[in-house]
Amino acid sequence: MLDVSVLAYPGMSAFETGIVTEVFGLPRPEFDRPWYRLVVCAPSDAPVPMIGGATLSTPFGLADFAAAGTVIVPGVADVHRDPPAAVLDALRAAHARGARILSICSGAFALAAAGLLDGRRATTHWRYADLLQRRFPSVRVDPDVLYLADGDVWTSAGSAAGLDLCLHVVRADHGAAVANAVARRLVVQPHRDGGQAQYIETPMPATGSLPSGDDRISRSVGWALEHLAEPLSVDVLARQAHMSPRTYLRHFTRVTGTSPIRWLIRQRVQASLALLESTDTPIERIAAAVGFDTPVTYRHHFAGTMRTSPSAYRQAFRTGSVR
């Protein structure tokens, strides 16, 4: 497993390959133990064009790629099309040999196209999770986590989550103390709390974004966003839309795809993020400011929505000191 190969492909970003190089390619004599041996491999002898106009040349090909004990695909050129057949054959050959197979970000599409994710739990960047599930229905896609290890096939979320996965590999191979030391040298956390939910772009919806013909629902949504701190219920929202609660519930679910209460919880959690990021306001006051009855309720729904705690989110996303 200490022999590591990473695939270079046309249109690649240097960042994901750089993560692999930093963790597995640099010598670590301070640990006084055998370290990884990394090779960067390409599908052909031709220079590989990269984002930004640079090219990458390597003497290592797909045979070297498949021969390693840990094989890493850092991405694919197009999430809508399968990689070249030779790449898929190399992945299958490596897996058949017993190699540990990793993907970073959209690299999960290559693993899925090779059949290595059939029946397995896997993740990818949250932007691509739905597409991965549609293209490969036999994959059990989990869009929330930063990385997953299902047997000998490991996947990670967006590009930076590849660093979390690579550190997890070090932790599995060499123990927590060594992984923590590598993380300190990289000036990153050895383990990040939470999952992808805290990074997904989920802005509050503009009232004009709702389907036409639902003006009453749209107006009630706009009103609710301006009164999140107040006690809100289906009855209250229905009165704003001049509907009965039962009719409002039916129309709201049809328009938004969720219930009014679930929608309110999501909006209240989202409204609290700016306060966590930019103020020192106590959690108890933030909970009240966005309409939660108690801090306990707020923490419960925050964890369910963001896959982390308000305090951990604040620590990770503070934009600067508050005067």
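**Exercise 1. Locate Asp32 and determine whether it is buried or exposed.**

Step 1. Asp32 sits in the loop between α1 and β2 (37–41). Helices (H or I, at least four residues) and strands (E, at least two) are DSSP runs, numbered from the N terminus. The model is predicted: local features need pLDDT of at least 70, side-chain atom pairs count only at pLDDT 80 or more, and totals for chains, interfaces and linings use all residues. Residues are numbered from 1 along each chain as its sequence is written, and side-chain values use heavy atoms, with hydrogens and water left out.

Step 2. Apply the cut-offs: buried means under 20% relative accessible area, exposed over 50%, partly exposed in between (1.4 Å probe, protein chains only). Asp32 has 72% relative accessibility, so it counts as exposed.

Step 3. Check the backbone. Asp32 is not a glycine, yet its phi is positive, near 50°.

**Exercise 2. Do the same for Cys105: where is it, and is it buried or exposed?**

Step 1. Cys105 belongs to the loop between β6 and α4 (108–113).

Step 2. Its relative accessible area is 7%, so Cys105 is buried.

Step 3. Phi of Cys105 is near 55°, again positive in a residue other than glycine.

**Exercise 3. Find which residues Ala99 contacts beyond its sequence neighbours.**

Step 1. Place Ala99 in the loop between α3 (85–97) and β6. With a relative accessible area of 3%, Ala99 is buried.

Step 2. Contact means heavy atoms within 4.5 Å. Leave aside neighbours within four places in sequence; Ala99 then touches Ala68, Gly69, Val71, Ala94 and Asp152.

Step 3. Compare sequence and space for Ala67. Ala99 and Ala67 are 32 residues apart in sequence, with their C-alpha atoms 8.2 Å apart.

**Exercise 4. Test the length of α6 and state how many of its residues are buried.**

Step 1. The expected span is 1.5 Å times one less than the number of residues. For the 14 residues of α6 (residues 161–174) this gives 20 Å, and the end C-alpha atoms are 20 Å apart, which agrees.

Step 2. Of the 14 residues of α6, 10 are buried, so the helix is largely enclosed by the rest of the structure. Among them are Leu163, Asp164, Cys166 and His174.

Step 3. The cover over these buried residues includes α1 (14–25), β6 (100–103), β9 (147–150), β10 (153–156) and α7 (176–186).

Step 4. Look just past the helix. Gly175 follows α6, with a positive phi near 100°.

**Exercise 5. Classify the crossing of α11 and α13.**

Step 1. Two packed helices are described by the angle between their axes and the distance between the axes. Axes are lines fitted to C-alpha atoms, for helices over the stretch in contact, and angles run from 0 to 180 degrees between N-to-C directions.

Step 2. The axes of α11 (residues 260–278) and α13 (residues 295–306) come within 10 Å and cross at roughly 95°. That makes α11 roughly perpendicular to α13. The classes are roughly parallel under 35 degrees, roughly antiparallel over 145, roughly perpendicular from 65 to 115, and oblique for the rest.

Step 3. List the partners. Ile265, Arg266, Val269, Gln270, Ser272, Leu273 and Leu276 of α11 meet Tyr298, His301, Phe302, Thr305 and Met306 of α13.
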